[in-house]
Amino acid sequence: MNYFRYIISGIVLSFWYGLEAQKTVRYDLFVRDTLVNFGGKEKKAYAVNGRIPMPELHFTEGDTAEIYIHNELRTETSVHWHGLILPNEQDGVPYLTTAPIKAGTIHRYKFALVQNGTYWYHSHTKLQEQVGMYGAFIIHKKEKQDLPEYTMILSDWTNMKPFEVHRRLHNANDWSAIKKANIQQGAVQSYADAIADKSLGIKLVNEWKRMLAMDVSDVYYDRFLTNGKPEDEAAHFKAGDKVRLRIINGSSSTYFWLKYAGGKINVVASDGEDVEPVEVDRLIIAVAEIYDVVVTIPRESTAFEFLATSEDRIRSTSLWLGSGIRQLASPLKPLKYFEGMRMMNGMIKMDGNLDDMGMNMSLQQMDMNVVMYPEITGHQDKNKPDHDHKGMDTQYNSNALSDIVTLNYAMLKSPIKTTLPEAHTKTLNFKLTGNMNRYVWSMDNKTVSETDKIVIRKGENVRIILYNNSMMRHPMHLHGHFFRVVNGHGEYSPLKNVLDIMPMETDTIEFAATESGDWFFHCHILYHMMSGMGRIFSYEGSPPNPQLPNPKKALMKLYRDDRVFHFMFENDFASNGNDGEMMYQNTRWKFQTEWRLGYLTEHGYEAEAHFGRYLGKMQWLFPYIGFDWRYRDMHRDGVRQNFFGQYNTKDLRSALCFGIQYTLPFLIIADGRVDSDGKFRLQLMREDIPLTKRLRSSLMFNSDGEYMAGLKYILNRNFALSTHYDSDMGPGAGITLTY
Amino acid sequence: MRSLVNLFISVPLFLFSLSCKGQIKNAKTLTVRVDGNCGMCEKTIESAGSQKKVASIDWNKDTKEATLTFDTNKTNKDEVLKRIALAGYDNENFLAPDEAFASLPSCCKYERSRKKSTVMNQKESSSENMENVKEQTKSNQLKSVFDSYFDLKNALVKSDYKQAGDKAADLKEKLQKIDMNKLDHAQHEVWMKIYTDLIAKAELIAKAKNIENQRIQFMDLSATLYTLLKVAKPDAPIYYQHCPMYNDGKGANWLSREATIKNPYYGSQMLNCGKTVETVK
């Protein structure tokens, strides 16, 4: 009898397990170091299960996902499930929601899938996403779909280490622009380019308004990839087939234009959620954004190009649909940089804020960049009348200006009602702010580490009004929730989790606070996120997170990301001496030291160091303290006075100094200071004036009667030929090393 | 002195001639087929395909064959042929984008024999019964009318007087070609009432002296065509759109295939003034 009971319970138990096993889908992901050759050189990367991108994971709605991450790296990692609704501790943001996966350990994720659609997953640790840690995460609908499918995950690849990319961005290094200019003339937007384009006036106004060369993207990439390949093929599709493409932008900082050689593109879903089908000629896909589209293979024995071109139009990647002779899509023509510059000149005020001239821009409908698109606004034409305010509302409307239909957010409509439940609404206003020159990206001029978490309450509705006051577009991503994009479709406003917001746009998004724990809301451009462009939403009264036993300490770890200091070094080994500079700086603080070391005592030795903090949103003001030490054999020109009638100590000085630097129009740094001997000095300096693609000039003059003029010809990312004349050291020439 | 001048001239010339020869290393030579017509094509094809020291191409307009020589370490056949196709010329591996072909000078518009004809959703039509197929040919008959109307409308959107005239003449022709016996009952009834009016309006637009007159006639034409649209059963939705300002503020309507407003009554002056009042499916 007893045995019988055991047998029965055994059967019941195994049956139960059987049921459970059917619903749980398990994946094992092994993260390893690897060497890849995407851009012509062998480089380090991270591969998962031996491949880049990470494997495509498939599930059906209602399944439970059980995913084991085996970290076989020598560093910690993490995986975030982008766009999924799941318990907070499964979200995968290390130190915020989930324990970091330490080197050599295994981490188990387990969560139920309560939605369907196209999603993706990627590392949320440092810059790991850039070197291969991204993959598709597909949840099929329960009912069978009749269209054949294909996944297209886009990414960007640079031969430079991501750490280097990030460091250089923070040092306003323009090597990226030079690399771009090798492919597309004029990308540096130097004075020579401006003259060749008959746009010298535009360039002058641009520098007057303290702007560096304008660009639509910061980083030069050696390759763009579709499913890890420069070109991918889906040859099994036949003429007449309709194909659902699941397109994921898994790149770190590249927006792509999508075009199809076989006709119109029918957009059917965005960020995993269905939308009413809308037919377009092209669309732009923001970083981390997802679109499902349906395209038709119109002719037999032909492969049709589905073309993804980076927003800067430097390179592209393609997917060929069908087999046979290859039908090309027409490529996007190069940007009209100086038209873009003219537009920015008009929009930017002298205080660095943007002026939308009352256009109330939103939802990608007015694209200021159309002035740079030859296919919309025609080829370079200098004789056209100046932009006037009259036709302002159509001047930037791409769809009104041409026959090409470009998707924008106003065209997205949900097939189902998406209204939020009746509840108290908490409204939050954010201004997206940035400073290109020092690569500071923030919200309301505060980085993640400079703000407290934003407390929200379960059951309320949260409405976020975003205004982009920076000069770049930002794909803002909310973890763990879908938000409605309030776009004029009322009850049928579409649901998304990434919102691209262009400069000067104001967009409203809202979501029902239904979860618990802490959720990240950030710009998905990797280098912007790492610079601190984000906020944390924190549910009031959330239970403690078992994965983070010491939440305060963990948060400090997270904050460290945007507090990090970047190092820069430059030395000119010249015939008349060594001339150099070193900087160690973060979002606000900067330690800087400069030296001029002659080979002869009459040329002298000088060293200056400053430590200070950048103030204000534009960071034009930099008060500092420091010291100045110098020695020069004086018999050459003897004692003199400085411009303030004081005894000139420029040849023998050892003093503390207090000063203030201010960035003037034309990016001239005015530096006024007083030292501990009571001596005043005023100095004006401009560095890196872009004369041609590779030629830079710098000028300096101060009230001690010292002056300097130099020219530098950039050979590669570390070396330049340089020549300069210095009032103390005379003429010199040599090689400049930059790190 | 003279020899010095000579030296100054001859050295750069010598260097120049060296660079022009642009010897191609690791060379491989192939024969490829590229479509085209004339001497002008030859120039375009050769300049698009050639790349200093990397690839050179010599095309023969009679045989439509080209000798391609390239550096196997630096490029490949596909890269060269792709550049040629992007310049507008179909070849054995690539078809030119339609835009590139369209922008070729008219003497260069070769016959695109490599391009296969479009398959019209074989699966759908074969799966449907004969009745439906017949139905489709019926509405296709009217489709040609609407297509030509949209061409006319687009010309007006662009404020292109000449093109609008041509398109109106084309519309008139399409209207005259309609075989009313092949229309279904409802369409037949409407057609009988309006066709003389439609043809007359199309003719007036074709012969109008300026774009303003074309637009006045277009307003009536659009209103009449709308009654036909109601029974036409279009295969893609057609939008009935309204401009509140035209006709001294009385307003005027037009039909469009796109939901986006592009006003044919004012063109670029008020391109997106207006709204969709009805979507006919």
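Which residues lie nearest the centre of the largest cavity? In this predicted model, they are A:N369, A:M471, A:M472, A:R473 and A:P503, which belong to a lining of 17 residues. The space in the largest cavity amounts to about 150 Å³. Its lining comprises twelve nonpolar, one polar and four charged residues. The structure has eleven cavities of 30 Å³ or more.

A second enclosed region is strand β13 of chain A, residues 256-260. Because five of its five residues are buried, β13(A) is largely enclosed by the rest of the structure. In a regular strand, side chains alternate between the two faces of the sheet. In β13(A), A:F256, A:L258 and A:Y260 point one way, whereas A:W257 and A:K259 point the other way, and all are buried.

Strand β13(A) is joined to two other strands of chain A, as the table sets out.

| Partner strand of β13(A) | Residues | Bridges | Direction | Bridge partner of A:F256 |
|---|---|---|---|---|
| β18(A) | 302-310 | five bridges | antiparallel | A:S310 |
| β16(A) | 282-285 | four bridges | antiparallel | A:I285 |

The cysteines form the last topic. A disulfide is a covalent bond between the sulfur atoms of two cysteines. A search of the whole structure finds zero disulfides over all chains. B:C108 is accordingly in no disulfide, and the nearest cysteine sulfur, that of B:C41, is 3.4 Å away. Because a disulfide requires two cysteine sulfur atoms within 2.5 Å, this pair does not qualify. B:C108 counts as buried, at 1% relative accessibility. A:C523 is also buried, with a relative accessible area of 0%.

How values were computed:
Residues numbered from 1 in each chain as written. Chains lettered and ligands numbered in written order. Predicted model: local features only at pLDDT ≥ 70, side-chain atom pairs only at ≥ 80, totals over all residues. Heavy atoms only, no water. 1 Å grid on protein atoms, 1.4 Å probe; cavity = no way out; pocket = protein on both sides within 12 Å on 5 of 7 lines; lining within 4 Å. Points joined across faces, edges and corners; volume = space filled by probe spheres on them. Nonpolar A, V, L, I, M, F, W, Y, C, P; charged D, E, K, R; others polar. Buried < 20%, exposed > 50% of the residue type's maximum accessible area, 1.4 Å probe, protein only. Pairing = 2+ DSSP bridges.
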